[in-house]
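Colleague: I'm new to reading protein models. Could you walk me through a few features, one at a time?

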Amino acid sequence: MDNKDTKGKILMVFKGSVGNLVEYYDWYVYSAFALYFSKYFFPGDDPTVQLLNTSAIFALGFFMRPLGGWLLGTYADRKGRKAALLVSVSMMCAGSLIIAVMPGYQTIGIAAPIALILARLLQGLSLGGEYGSAATYLSEIASKDRRGFYSSFQYVTLIMGQLLALGVLIALQRVFLSTAELEAWGWRIPFVIGGLCAVVAIYLRSSMEETESFEHHKGEVVGESRIRALMRHPREVMTVIGLTMGGTVAFYTFTTYMQKYLVNTAGFSKNDATMISAAATFVYMLMHPLVGHISDKVGRRAVLIAFGVMSTLCTVPILTALGQTRDSVTAFFLVLSGLTIVSGYSAINAVVKAELFPVQIRALGVGLPFAIGVSLFGGTAEYIALWFKSIGNETWFYWYVTGCCLCGLLLFVGMKDTKQTSLIDKD
């Protein structure tokens, strides 16, 4: 590949990924700032109960993702990856702006949490379509020998969105606002930022090039509904759900839930917990292109098996040690060790899923089963963790994560290496 082709690929990756960054920033801002706005929508004296309520709404947003994966996945397979990506980022923008201007419980009563739920449902619909369309786009624009590397940038930008959310939180915590100001009105600022950034993402995505795979098959008659066509691939659908199961529970445990775990269980201050999470997540983000590159050399299956083995063996020791440490440096390395293991899943899961399906149903095949898996396991991880803690059995959650990872490992051992059997190569 010459320099011109390489620059063109990089530009396509950037345009395809930047909207992903904004979408996941908007999605994670909710979790990052839940410690501050939970009592604004849910009155009461018990902070764990308030976090349970906001976490339940976080989970509800996930349950809209299968619908988004279906609707926008079908749209992407009919009208193009670019069109679907434009719709998804616009919907995420609308959800963020609703949260930014919403009055609280003291002002409008029960209407406040209801409006919060509706905004998160809209964002869940958006994100459900974003994943499948973005994963398909990045996988289709890449050459065969660099597909793992290029597709890894989906999670680079996903994590970058999360880091941006944490960065805004750190800046507001330590530079611009007091804790009282953050709890009173400052938590609205990141949602406004997300809405404005989405405008930039819409502009960049409007100039994206469609993939050659889609253009080559554009206008082909499937002969039946795409959901029916997808059901003709039951093994692939179940593979995506099973692949998602262990990986997404581990991912959300060591990313979105970790900040709350460090505060509620390990006893760190909100500021210190945010810094530990942000620092470990930044290093984690940088690992993804390397892991993607490794999968291009040794295959996807070997990397997934390594993740499955390590996550099954190490989750309980890592979380147990984290809950007992009071040292920030120790906590950082423990969180980073968990995230390093998770990178074996997150860096390549998108390309593995895309390689399973033919082009006519690829975005739907990636998006819908993934959304089902992430809704059942990822979206509920934080709530389950807090529920176990609320009943005095927090360590049960450690074993729950381990069990999910073990199920994933059994799948990885029995599956074929999609690098060798990729249907993208047949487009």
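Modeller: Sure, let's go through aromatic pairs, the nonpolar cores, a buried helix, and then the empty spaces. Keep in mind that this is a predicted model.

Colleague: Let's begin with the rings. How many aromatic pairs does the structure hold?

Modeller: There are 16 aromatic pairs here. Take Y131 and F370, whose ring centres are 3.6 Å apart, with 15° between the planes. That makes the pair stacked, because planes under 30 degrees apart get that label.

Colleague: Where do Y131 and F370 lie?

Modeller: Y131 belongs to helix α7 (residues 111-141) and F370 to helix α20 (residues 362-390), so their pairing ties together parts that are 239 residues apart in sequence. Y131 has 0% relative accessibility, so it counts as buried. F370 is buried too, with a relative accessible area of 3%.

Colleague: And what does an edge-to-face pair look like, say W187 and F191?

Modeller: For W187 and F191 the centres are 6.3 Å apart and the angle between the planes is 80°. Both partners are buried: W187 has a relative accessible area of 0%, and F191 has 1%. Rings can also gather in a group, and Y257, Y261, F397, Y398 and Y400 form one aromatic cluster.

Colleague: Next, cores. What's the general idea?

Modeller: In soluble globular proteins, nonpolar side chains tend to be buried together. In this model, the largest nonpolar core has 108 residues, and F33, L262 and L322 touch the most other members. Helix α9 (residues 153-176) gives the most to this core, with 11 residues.

Colleague: Which residues is F33 in contact with, leaving aside its neighbours within four places in sequence?

Modeller: F33 is in contact with A165, V168, L169, L172, L182, W187 and P190. You met W187 a moment ago, in the edge-to-face pair with F191. Apart from the largest core lies another core, of 11 residues, among them Y137, A142, F149 and M208.

Colleague: Can we look at one more residue, I99, to practise?

Modeller: Good pick. I99 sits in helix α5 (residues 81-101), and it is buried, with a relative accessible area of 0%. Leaving aside neighbours within four places in sequence, I99 is in contact with L116, A119, R120, Q123, W187, R188 and F191. Try a distance as well: the C-alpha atoms of I99 and A115 are separated by 8.0 Å, and these residues are 16 apart along the chain.

Colleague: Now a whole helix. How many residues of helix α2 are buried?

Modeller: Six of the eight residues in helix α2 (residues 34-41) are buried, so this helix is largely enclosed by the rest of the structure. The buried ones are A34, L35, Y36, F37, S38 and F41.

Colleague: Last topic: empty space. How do you find it?

Modeller: Rolling a probe the size of a water molecule over the atoms shows where empty space is left. Here the count comes to three cavities of 30 Å³ or more.

Colleague: What lines the largest cavity?

Modeller: The largest cavity holds about 80 Å³ of space. Its lining is made up of Y28, S31, A32, Q162, L166, T255, T256, Q259, S277 and T281. By class, that lining has three nonpolar, seven polar and no charged residues. Helix α1 gives the largest share of the lining of the largest cavity, three residues.

Colleague: And the second largest cavity: which residues line it?

Modeller: The second largest cavity holds about 60 Å³. Y24, R65, Y131, Y155, L158, T248, F251, Y252, Y345, F370 and V374 line it, so to speak a list with two old friends: Y131 and F370 form the stacked pair. This lining has nine nonpolar, one polar and one charged residues.

Colleague: What about the second largest pocket, what is its volume?

Modeller: The second largest pocket has a volume of about 320 Å³. It is lined by 13 residues, and the closest to its centre are R235, E236, L356, K416 and T421. Helix α14 supplies the largest share of this pocket's lining, four residues. The lining of the second largest pocket divides into five nonpolar, four polar and four charged residues.

Conventions
Residues numbered from 1 in each chain as written. Predicted model: local features only at pLDDT ≥ 70, side-chain atom pairs only at ≥ 80, totals over all residues. Heavy atoms only, no water. Phe/Tyr/Trp six-rings, centres within 6.5 Å; stacked < 30°, edge-to-face > 60°. Helix = DSSP H or I, 4+ residues; strand = E, 2+ residues; numbered from the N terminus. Buried < 20%, exposed > 50% of the residue type's maximum accessible area, 1.4 Å probe, protein only. 1 Å grid on protein atoms, 1.4 Å probe; cavity = no way out; pocket = protein on both sides within 12 Å on 5 of 7 lines; lining within 4 Å. Points joined across faces, edges and corners; volume = space filled by probe spheres on them. Nonpolar A, V, L, I, M, F, W, Y, C, P; charged D, E, K, R; others polar. Core = buried A, V, L, I, M, F, W, Y, C linked by side-chain atoms within 4.5 Å. Contact = heavy atoms within 4.5 Å.
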